[in-house]
Amino acid sequence: MRPGRIDDVETIHAAILKLGTHIGAPEEIISTVEDLKTYGFGEKPAFSTLIAEVGGEFAGLCLHFPIFSTWMGRPGVYVQDLYVEDRFRGRKIGERLLRRVAAECRKQGGVYLRLSVDTDNDGAKAFYERLGIAWSSYEQTQKIIGDAFFAFADTSDNGEQG
């Protein structure tokens, strides 16, 4: 396992596309290789990646970024994407990626790992539960995207003084 590098960006993007296809929502992936270069490997990276290789061949990916809990008063890590190539499944690669990301977070004072699972992805839910990454019964994810996000962000009632 190793950190992702800018020269891995096409492989990272391909893995994200395969993940979208795997969960039945390839049309939801609108990111580009350039987006990943800019926001993951630019001046102020928004995320990090951990790549697993077997015999020098790409086997899996964990894309993650730091988060903070005001309730716990401590940092954590959010796993945005976890992907393992089909031919490498069953070798605990996904588990190892998650454990490494958690260990790195802990070294930096982190106390928790958070992720979201697609509601129809029963295999992923069972996988996470087996690892002790439990479903949170007291919260749900909310989001606003696209034109609705832009309208929301661009309103004149955003607290900026003008």
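**K37 and its contacts**

I started by pulling the neighbours of K37: I6, V9 and G42 touch K37 once residues up to four places away in sequence are set aside. Contact here means heavy atoms within 4.5 Å. This is a predicted model, so I note that local features need pLDDT of at least 70, that side-chain atom pairs count only at pLDDT 80 or more, and that totals for chains, interfaces and linings use all residues. Numbering starts from 1 along each chain as its sequence is written, and side-chain values use heavy atoms, with hydrogens and water left out.

I placed K37 in helix α2, residues 33-41. For helices and strands I go by DSSP runs (H or I, at least four residues, for helices; E, at least two, for strands), numbered from the N terminus. I then looked up a distance: the C-alpha atoms of K37 and R5 are 9.5 Å apart, with the two positions 32 residues apart along the chain.

Is K37 buried, exposed or partly exposed? I file K37 as partly exposed because its relative accessibility is 29%. The cut-offs are under 20% relative accessible area for buried, over 50% for exposed, and partly exposed in between, with a 1.4 Å probe and protein chains only.

**The whole chain**

Next I stepped back to the fold. I count five helices and five strands in the protein chain, and from the N terminus the order reads β-α-α-β-β-β-α-β-α-α. Along the principal axes, the C-alpha atoms fill a box of roughly 60 × 35 × 35 Å.

I checked burial too: 31% of the 162 residues count as buried. The exposed area comes to about 11300 Å², and carbon and sulfur atoms supply 52% of that. Those areas are from the Shrake-Rupley method with a 1.4 Å probe; for residues, only the protein chains shown count as cover.

For contacts between residues at least 6 apart in sequence, I noted that 57% join residues at least 24 apart.

On charge, I have 19 positive and 24 negative, and their mean positions sit 12 Å apart. Lys and Arg are the positives, Asp and Glu the negatives; His and the chain ends are not counted. Each charge is placed at NZ of Lys, CZ of Arg, CG of Asp or CD of Glu.

**The annotation**

I looked up the UniProt record: an unreviewed entry carries the annotation "domain: N-acetyltransferase" over residues 1-156. Positions are in the numbering used here, feature names are shortened, and such annotations may be inferred rather than shown by experiment. In the model, that span is 35% helix and 23% strand, with its end C-alpha atoms 47 Å apart.

**Strand β2 and the loop after it**

T49 sits in strand β2. I call T49 buried because its relative accessibility is 7%. Which residues does T49 contact, leaving aside neighbours within four places in sequence? I wrote down R2, P3, G4, I12, F41, L61, C62, L63 and H64.

I moved on to G56, in the loop between β2 (48-54) and β3. With a relative accessible area of 65%, G56 is exposed. I also took a long distance from here: the C-alpha atoms of G56 and A126 are 29 Å apart, at a sequence separation of 70 residues.

**S69 in β3**

S69 belongs to strand β3, residues 57-69. Its relative accessible area is 11%, so I put S69 down as buried. I found the S69 side chain reaching the backbone nitrogen of M72 at 3.0 Å. Not counting residues up to four places away in sequence, S69 touches R74 and Y112.

**The loop from β4 to α3**

I ended on the loop between β4 (74-84) and α3 (93-107), where E85 lies. E85 is buried, at 7% relative accessible area. Its contacts beyond four places in sequence are K18, F58 and A59. For the pair E85 and F58, 27 residues apart along the chain, I get a C-alpha separation of 7.9 Å.

I also logged a polar contact of 3.4 Å between the side chains of E85 and Y83. A polar contact is a pair of N or O atoms within 3.5 Å; within protein, one must be able to donate a hydrogen and the other to accept it, and residues adjacent in sequence count only if both atoms are side-chain atoms.

K92 is found in the loop between β4 and α3 as well. I flagged its backbone: K92 has a positive phi of about 65° although it is not a glycine.
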